[in-house]
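Trainee: I am new to this structure and would like to learn how its descriptive terms are earned. Could we look at it together?

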Amino acid sequence: MTIDVTDLAGRHVTVAGLGVSGVPAARALRGLGATVTVVNGSDGEPQRAQAAELEPLGVTVRLGDGATLPEGTELVVTTPGWKPTSPLFLAAEKAGVPVWGDVELAWRLRETPAGKPAAPWLAVTGTNGKTTTVRMLASILEAAGLRTAAVGNIGVSLLDIVLGDEPYDVLAVELSSYQLHWAPSLRAHSGAVLNLAPDHLDWHGSMAAYAADKGRIYEGNQVACVYNAADPATEDLVRAADVEEGCRAIGFTLGTPGPSQLGVVENILVDRAFVTNRQKNAQELAEVADVNPPAPHNIANALAAAALARAFGVPPAAVRDGLRAFRPDPHRVEHVADVEGVSYVDDSKATNTHAAEASLGAYEHIVWVAGGLAKGATFDDLVSTAAQRLRGVVLIGADRALIREALARHAADVPVVDLDRTDTGAMAAAVREAARLARPGDTVLLAPACASMDMFTNYNKRGDAFAAAVHDLASGPVTDEQ
């Protein structure tokens with residue numbers, strides 16, 4: 001079945017899921033005249049509130065039933081979290097009904113409003129660093145005087161942006177592997193894959209499938225495919241991509257860049273890609289000190305953002321000014337406080353081993369607060385890499401034993417405090433134990449390498465609990481909340 005996005009009036013469209021993506025999708029489709037049914041497996045208070053928002057628009061919402069394909073469905077538009085193996089999609093495939101993601105719908109609709117030019121997309125994906133890089137990119141674009149927005153998986157609906165009244169010169173778009181899986185038509189101006197490490201393999205089925213979905217971001221790129229020179233898998237994805245004639249492969253590196261790369265020379269971020277005679281010339285963009293925070297993985301994020309901006313023609317001064325103006329989101333290598341000569345840093349967003357490795361690599365002497373839901377991860381490589389930096393470790397959460405066992409194998413001399421608790425008040429005890437292990441000059445680092453849902457609603461709440469405990473430590477004795 002072929003669906004023309006300009007002819008949705010009267011079509012029966014099923015939206016799979018509510019939330020940040022599903023509600024705008026249902027609203028947009030209804031506005032285009034489609035007959036819309038939303039199906040959602042859960043039936044809680046948040047879902048009922050969202051249903052109440054949609055039903056006055058003429059949208060039918062079926063809560064507690066995410067498996068049955070509504071009769072007469074001609075198109076399914078899915079939110080990112082639904083697995084390709086979901087019964088709803090299997091039924092759609094059997095019936096010959098196409099499945100689009102919300103990003104696919106936004107891409108197809110971007111030119112629909114009469115007289116509104118479609119803004120090019122500068123797209124970013126990767127296992128870690130996506131949100132920071134996209135927000136850096138938007139800051140750089142704004143410094144160049146361009147009308148832009150940071151959108152997509154960052155929490156801002158692409159549909160709301162492309163169908164809104166405000167015109168944009170260019171969009172900085174964060175895309176997850178889930179979104180890319182369901183967006184076969186996407187053709188970005190330029191795209192970047194920051195890094196690749198095992199993640200969400202239960203959704204994709206294998207590392208190869210996960211990488212292939214990430215690589216979709218390069219398909220049809222017009223100007224630049226930006227890859228991480230330290231991560232050969234990202235360059236392999238560029239080689240496999242079918243791009244427009246003249247599109248270039250642009251690398252970024254924390255070392256001295258070669259031609260067609262951005263990198264670092266004597267604490268200066270430099271460009272050897274978008275300059276005349278790149279065999280001999282380099283353009284200074286910014287200082288390492290202009291990156292906040294100047295941790296190695298964040299410098300890599302800044303270089304990727306700069307590469308995409310330069311691909312769009314942004315001048316060097318705007319890269320510098322945009323990086324200086326950028327402020328990272330909370331819980332991303334966020335300095336909380338210094339207490340008795342010890343620095344306390346909240347990187348609660350480090351929810352997998354790849355992110356935690358980057359965070360641990362930024363500090364010399366660390367008391368590490370770790371643990372939570374492992375999501376099938378193993379920790380031997382992470383622990384062996386970080387072992388020489390560890391002053392001590394405090395473990396919390398449901399799967400802390402997996403980290404403890406890796407520590408016993410690869411860092412047996414490092415003191416470990418294993419808190420046999422999963423209540424939210426355990427964070428105060430963890431901070432107190434970390435303070436006991438730390439010496440002046442050390443960093444107490446919350447980089448859990450695990451998801452938070454065993455103890456907290458999300459990583460934000462986990463980071464908030466850590467920060468509150470640190471501030472309590474600074475002001476006096478810490479007491480547990482039972």
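Trainee: Where is lysine 375 placed?

Mentor: In this predicted model, lysine 375 sits in the loop between β17 and α14 (380-386). Its phi is positive, about 55°, although lysine 375 is not a glycine.

Trainee: What makes a positive phi worth pointing out?

Mentor: Most residues other than glycine have a negative phi. Glutamate 266 is also listed with a positive value, near 50°, in a residue other than glycine. Glutamate 266 lies in the loop between β12 (261-265) and β13 (268-271).

Trainee: Why is glutamate 266 called exposed, and why is lysine 375 called partly exposed?

Mentor: Set each value against the cut-offs: over 50% is exposed, under 20% is buried, and partly exposed is in between. Glutamate 266 has 74% relative accessibility, so it counts as exposed. Lysine 375 has 47%, so it counts as partly exposed.

Trainee: Which peptide bond is cis?

Mentor: The bond joining asparagine 292 and proline 293 is cis, with omega about -10°. Proline 293 belongs to the loop between β14 (283-287) and α11. As background, most peptide bonds are trans.

Trainee: Why is α5 called oblique to α11?

Mentor: The axes of helix α5 (residues 130-143) and helix α11 (residues 296-311) cross at roughly 45° and come within 8 Å. Angles under 35 degrees would count as roughly parallel, and 65 to 115 as roughly perpendicular. The angle of roughly 45° falls in neither range, and therefore α5 is oblique to α11. The crossing is right-handed.

Trainee: Which residues of α5 meet α11?

Mentor: Thr132, Thr133, Met136, Leu137 and Ile140 in α5 do. Among their counterparts in α11 are Asn298, Asn301, Ala305 and Leu308.

Trainee: How do you know that the buried residues of α10 line one face of the helix?

Mentor: In helix α10 (residues 232-240), the residues Thr234, Leu237 and Val238 are buried. Seen down the axis of α10, the buried residues fall within an arc of 100°, so they line one face. There is a general reason too: an α-helix has 3.6 residues a turn, so residues three or four places apart point the same way. The face of α10 turned away from the buried side carries exposed Pro232, Arg239 and Ala240. The buried residues of α10 pack against β9, α9 (207-215), β10 and β11 (248-252).

Trainee: What makes both faces of strand β9 count as covered?

Mentor: In β9 (residues 190-193), Ser190 and Ala192 are buried on one side, and Gly191 and Val193 are buried on the other. β9 also pairs in the parallel sense with strand β6 (residues 121-125) over 4 bridges, where valine 124 stands opposite alanine 192. With strand β10 (residues 224-228), β9 pairs in the parallel sense over 3 bridges, and serine 190 stands opposite alanine 224.

Trainee: How do you know that β15 and β19 are edge strands?

Mentor: The open sheet has 6 strands in the order β15-β16-β20-β17-β18-β19, with mixed pairing. β15 (334-339) and β19 (416-418) each pair on one side only. The twist averages 15° from one strand to the next. Helix α15 (residues 400-410) packs on the sheet, touching β17 (366-370), β18 (390-395) and β19.

Notes
Residues are numbered from 1 along each chain as its sequence is written. This is a predicted model: local features need pLDDT of at least 70, side-chain atom pairs count only at pLDDT 80 or more; totals for chains, interfaces and linings use all residues. Side-chain values use heavy atoms; hydrogens and water are left out. Two strands pair if DSSP finds at least two bridges between them. Helices (H or I, at least four residues) and strands (E, at least two) are DSSP runs, numbered from the N terminus. Axes are lines fitted to C-alpha atoms, for helices over the stretch in contact, and angles run from 0 to 180 degrees between N-to-C directions. Contact means heavy atoms within 4.5 Å. Buried means under 20% relative accessible area, exposed over 50%, partly exposed in between (1.4 Å probe, protein chains only). The arc is that of the directions from the helix axis to the C-beta atoms. Angles under 35 degrees count as roughly parallel, over 145 as roughly antiparallel, 65 to 115 as roughly perpendicular and the rest as oblique. A crossing is left-handed if the near helix is turned anticlockwise from the far one by less than a right angle, and right-handed if clockwise.
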